Amino acid sequence: MENTKNVVIVGAGLVGSLNACYLAKRGFNVKVYERRPDIRTQQHVKGRSINLALSCRGREALKMVGLEETVVHNGIPMRARMIHDLDGKRHPIPYGEKDQYIMSVDRRNLNELLLNAAEKHDNIEFVFEHKLVRCNFESGQAEFEGPDKSIKTETADLFIGCDGAFSSLRNLMMRATRLNYQQEYIPHGYIELTIQPTNNEFAMEVNYLHIWPRNEYMMIALPNQDKTYTTTLFMPFKVFESLQTEDDIIEFFKENYPDAVPLLGEGHIKQTLITTKAQSLISVKCYPYHIGSNWLIMGDAAHAMVPFYGQGMNAGFEDCIVLDELMNKYDLDFSQVLPAYTEKRHTDATAICDLAMYNYIEMRSAVNSKLFLLRKKMDNFLQKLFPNSWIPLYTMVSFTRTRYHECVARRAKQDKIIQYCGYIFLLLATGGVVVMVKGVGTDHILTTVTDRFSQLYSYIETTLHKFIL
Ligand code: FAD
Ligand code: EGO
């Protein structure tokens, strides 16, 4: 037992508590320090849940510590997006096959479940209400400050910062090593509202991610187990600030989300927008994720992203799998595991941070409900047409564990092919016009066109295969 490694995790959020389970399973002695009090002891306000979309990567990570079943049991499948247009019409667009759906899970419930699972291990100890304040990177020691300002000093073989987007460990690492760091606040903020049940039932169709695409103003709603919906409104801070009076607020909602107003309730809308400040959204990239063989950051601490892909937690959970695999590969030699982790994970984390930012730019620039529908229908159509080659980007990201950077590369190839198809189509169309002008019989034109189209189809199919597989 003398060889047992000591690991200290900073942060008992989603990634910290899951990571603790992974490391305890290996037999390490794990100590988790969390700045806030134990959420399990905090009282919960009913009907005020915050939820998250859990997809393939997150689920795979939970599966490996035997938690997938429980989490999925406590979540609600969302099998399609439901696009709400300005007229209040609703258009469902499926995510894919029957088994392709994302899960709406309660953040707090998930965190409590992970804490309970971690606590079942004899070799995990939690210390709440203690925040990381200082590190000695040479001696491998860290100091945590309690509520009475007393200091606890920890010595460990490995310190892992899972302390979120404003990570203290990352900040300390930045001063100790040549750590590159980049952050960006976007002009948008967000506010959460709740849709209460109607007649004790969900007020809207339940197995959907509800989206109100309104260019600059984006609103979504995810279902909760208590039959409420958590609605998130994303808008530029400027717009939030311009809504000064109750009348401004209601007018704005009636203009942009007429169908949502009766569901949310005018009183609730006014009260929430007047009393709560919009929260900010930050994107963080950094490199490397480690110092030497005993300091590492994971989850949002290493790669916070804007929430427009629903991947932040999923990516953080996947981090735990990647670290676990490298622990096996390098036989627990941290001096090899950590650099390998940085190299492998940085490529993918950068890719998903960029994808999330790209969605933000794309969705707000021109995506109203019509365009959103068109884009997603087109994606589904192409997938039906070329089932082996065309995989929508959202599908690759959310329903597979294809490395994020590979999703991006594959998408680039697919885009190129579609571009070529466009050229070929134009050429054929021109050819068709020429034939017509020459006055050949219509029957002949029809057979030629059908002929050409089947040739074109098989050509595209083979080209796609060559490119992608
Ligand atoms: P956190 O959850 O932030 O946990 C960090 C923990 O560290 C906290 O408990 C904190 O108290 C503690 N801590 C901080 N500093 C210290 C310190 N100095 N000492 C000790 N402890 C400390 N992701 C998805 O996958 N799907 C979604 O649908 C989704 N929706 C989102 C919507 C919004 C509006 C936002 C903002 C994010 C969303 N995300 C989503 C992202 C997701 O919330 C994060 O990626 C995830 O919470 C990251 O987990 P984490 O454990 O790394 O960090
Ligand atoms: C054209 C149309 C270009 C988060 C649509 C890009 C994100 C993007 C915030 C959804 C789903 C889970 C989410 C889709 C696109 C969560 C998500 C999507 C939002 C906002 C979100 C989709 C929480 C981008 N997944 N998604 O295809 O359904 O498409 F709308 Cl604002």
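Two strands count as paired here if DSSP finds at least two bridges between them. With that in hand, here are some close-ups of this model, which is a predicted one.

**View 1. A53 and S104 face each other across two paired strands.** A53 stands opposite S104, and S104 sits in β7. The strands involved are β3 and β7 (residues 102-106), which run antiparallel and share four bridges. Zoom out a little and you get an open sheet of three strands, ordered β3-β7-β4, with antiparallel pairing. At the edges are β3 (51-54) and β4 (76-78), each of them pairing on one side only. On average, neighbouring strands of this sheet are turned by 35° against each other, direction ignored. As background, strands of a sheet pair through backbone hydrogen bonds, either parallel or antiparallel.

**View 2. Ligand 1 sits among 28 surrounding residues.** Which residues are the closest to ligand 1? They are E34, A53, R107, S168 and D300, and A53 is the residue we just met opposite S104. Now for some polar contacts. A polar backbone atom of R35 is 3.1 Å from a nitrogen atom of ligand 1. For R36, a polar side-chain atom lies 3.0 Å from an oxygen atom of the ligand. G312 joins in with a backbone N or O atom, 3.3 Å from an oxygen atom of ligand 1. On its own, ligand 1 has 1000 Å² of accessible area, and the protein covers 87% of it.

**View 3. Several elements help build the shell around ligand 1.** Two or more residues apiece come from α1 (14-25), β3, β9 (131-136) and α11 (312-329). Which element gives the largest share? That would be α11, with three residues. Sorted by character, the shell has eleven nonpolar, ten polar and seven charged residues.

**View 4. Ligand 2 has 20 residues around it.** The closest ones are R81, Y95, M363, K376 and Y394. Three of the side chains are worth a look for their polar atoms. In R81, an N or O atom of the side chain is 2.7 Å from an oxygen atom of ligand 2. K376 offers a side-chain N or O atom 2.8 Å from an oxygen atom of the ligand. With Y394, the partner is a nitrogen atom of ligand 2, 2.6 Å from an N or O atom in the side chain. How much of ligand 2 does the protein bury? The answer is 96% of the 640 Å² that ligand 2 exposes when taken alone.

**View 5. Strands and helices both feed the shell around ligand 2.** At least two residues each come from β14 (208-214), β15 (217-223), α12 (334-365) and α13 (369-385). This shell splits into 14 nonpolar, two polar and four charged residues.

**View 6. D348 belongs to helix α12.** Is D348 buried or exposed? It counts as buried because its relative accessible area is 1%, and buried means under 20%. A polar atom of the D348 side chain lies 3.4 Å from the backbone nitrogen of Y404.

**View 7. E145 stands opposite I151 in another open sheet.** I151 is part of β11. Strand β10 (residues 141-145) pairs with β11 in the antiparallel sense, over five bridges. The sheet has three strands in the order β9-β10-β11, with antiparallel pairing. Its edge strands, β9 and β11 (151-155), each pair on one side only. From one strand to the next, the twist averages 25°. You have seen β9 before: it also gives residues to the shell around ligand 1.

Terms used:
Residues numbered from 1 in each chain as written. Chains lettered and ligands numbered in written order. Predicted model: local features only at pLDDT ≥ 70, side-chain atom pairs only at ≥ 80, totals over all residues. Heavy atoms only, no water. Axes fitted to C-alpha atoms, helices over the stretch in contact; angles between N-to-C directions. Near = heavy atom within 4 Å. Polar contact = N/O pair within 3.5 Å; in protein donor to acceptor, adjacent residues only side chain to side chain. Areas by Shrake-Rupley, 256 points an atom, 1.4 Å probe, with all protein chains shown as cover. Nonpolar A, V, L, I, M, F, W, Y, C, P; charged D, E, K, R; others polar. Buried < 20%, exposed > 50% of the residue type's maximum accessible area, 1.4 Å probe, protein only.
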